[in-house]
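Trainee: I am new to this structure and would like to go through it slowly, one question at a time. Could we look at the sequence and the model together before starting?

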Amino acid sequence: MTASGPYEALVGGQGVCFLASGNAPLVARSGVITRPVHGVSPCRLALAWRADDHRPLVLGYARAARRLSERPAEPDAEPGPKPDGA
């Protein structure tokens, strides 16, 4: 499956997808409708890479992710984007 495979499946009506509210504008096209879901606990993200992968972009991303994971959680200041037509 390619990186666009899940999106193609979503557009093709083969399922649903949960994503961060900030990413909703990225997928709200080609007939995809986004709706907020309330009462769902925050999710966790795991980041892994090969021990022998020393590419600067990979290591920089890992450093940035670690810095963000060590910060205290910030409460949402305002709700996410409004769904289309709401």
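**Reading the model**

Mentor: Let us begin with one residue, Ser69, which counts as exposed because its relative accessible area is 57%. Please keep in mind throughout that this is a predicted model.

Trainee: In which element is Ser69 found?

Mentor: The backbone oxygen of Arg66 lies 2.8 Å from a polar atom of the side chain of Ser69. Ser69 is also 24 residues from Leu45 in sequence, while the two C-alpha atoms are 9.7 Å apart in space. As for its place in the chain, Ser69 belongs to helix H3.

Trainee: How many helices and how many strands does the secondary structure of the chain come to?

Mentor: Following the chain along its sequence, one reads the pattern α-α-α. The secondary structure therefore comes to 3 helices and 0 strands, as helices and strands are taken from DSSP runs.

Trainee: Which helix has the lowest mean pLDDT among the elements of the chain, and which has the highest?

Mentor: For the chain as a whole, the mean pLDDT is 79, and 80% of the residues reach 70 or more. Among the elements, the lowest mean, 79, belongs to helix H1 (residues 5–11), and the highest, 91, belongs to H3.

Trainee: What percentage of the residues in the chain is buried?

Mentor: The accessible surface of the chain comes to about 7,900 Å², and 58% of that surface belongs to carbon and sulfur atoms. Turning from surface to burial, the chain has 86 residues, and the buried ones make up 12%.

Trainee: Is Ala24 buried or exposed?

Mentor: Ala24 has its place in helix H2, and its C-alpha is 6.4 Å from that of Thr34, although the two residues are 10 apart in sequence. The relative accessible area of Ala24 is 11%, and because the cut-off for burial is under 20%, Ala24 counts as buried.

Trainee: Where is Asp53 placed, and is Asp53 buried or exposed?

Mentor: Asp53 sits in the loop between helix H2 (24–27) and helix H3 (56–70). Leaving aside residues up to four places away in sequence, Asp53 touches Val58 and Leu59. Its relative accessibility is 5%, and so Asp53 counts as buried.

Trainee: How many salt bridges does the structure hold?

Mentor: Side chains of opposite charge can pair when their charged atoms come close. One such pair is Asp52 and Arg50, whose side chains meet at 3.2 Å, N to O, and both of these residues are exposed. In total, the salt bridges in the structure number 3.

Trainee: Which residues are joined into one network by salt bridges that share partners?

Mentor: Asp53 forms a salt bridge with Arg50, with the closest N and O atoms 3.9 Å apart, and here a buried residue at 5% relative accessible area is paired with an exposed one at 53%. The side chains of Asp53 and Arg55 also meet in a salt bridge, at 2.6 Å from N to O. Through shared partners, the salt bridges join into one network Arg50, Asp52, Asp53 and Arg55.

Trainee: Which residues does Trp49 touch, not counting those up to four places away in sequence?

Mentor: Trp49 is placed in the loop between H2 and H3, and because its relative accessible area is 40%, Trp49 counts as partly exposed. Between Trp49 and Ala62 there are 8.7 Å from C-alpha to C-alpha, although they are 13 residues apart in sequence. With residues up to four places away left out, Trp49 touches Val58, Leu59 and Ala62.

Trainee: Which residues make the nonpolar surface patch of about 460 Å²?

Mentor: Val37 can serve as a starting point, since this residue lies in the loop between H2 and H3 and, at 46% relative accessibility, counts as partly exposed. The nonpolar patch of about 460 Å² is made by Val16, Phe18, Val37 and Val40.

Trainee: Among contacts between residues at least 6 apart in sequence, what percentage joins residues at least 24 apart?

Mentor: A contact here means heavy atoms within 4.5 Å, and the contacts considered are those in the chain between residues at least 6 apart in sequence. Of these, the share that joins residues at least 24 apart is 36%.

Conventions: Residues numbered from 1 in each chain as written. Heavy atoms only, no water. Helix = DSSP H or I, 4+ residues; strand = E, 2+ residues; numbered from the N terminus. Buried < 20%, exposed > 50% of the residue type's maximum accessible area, 1.4 Å probe, protein only. Areas by Shrake-Rupley, 256 points an atom, 1.4 Å probe, with all protein chains shown as cover. Patch = residues over 30% accessible without salt bridge, like charges linked within 9 Å, V, L, I, M, F, W, Y side chains within 5 Å. Salt bridge = Lys/Arg side-chain N within 4 Å of Asp/Glu carboxyl O. pLDDT = per-residue confidence, 0-100. Polar contact = N/O pair within 3.5 Å; in protein donor to acceptor, adjacent residues only side chain to side chain.
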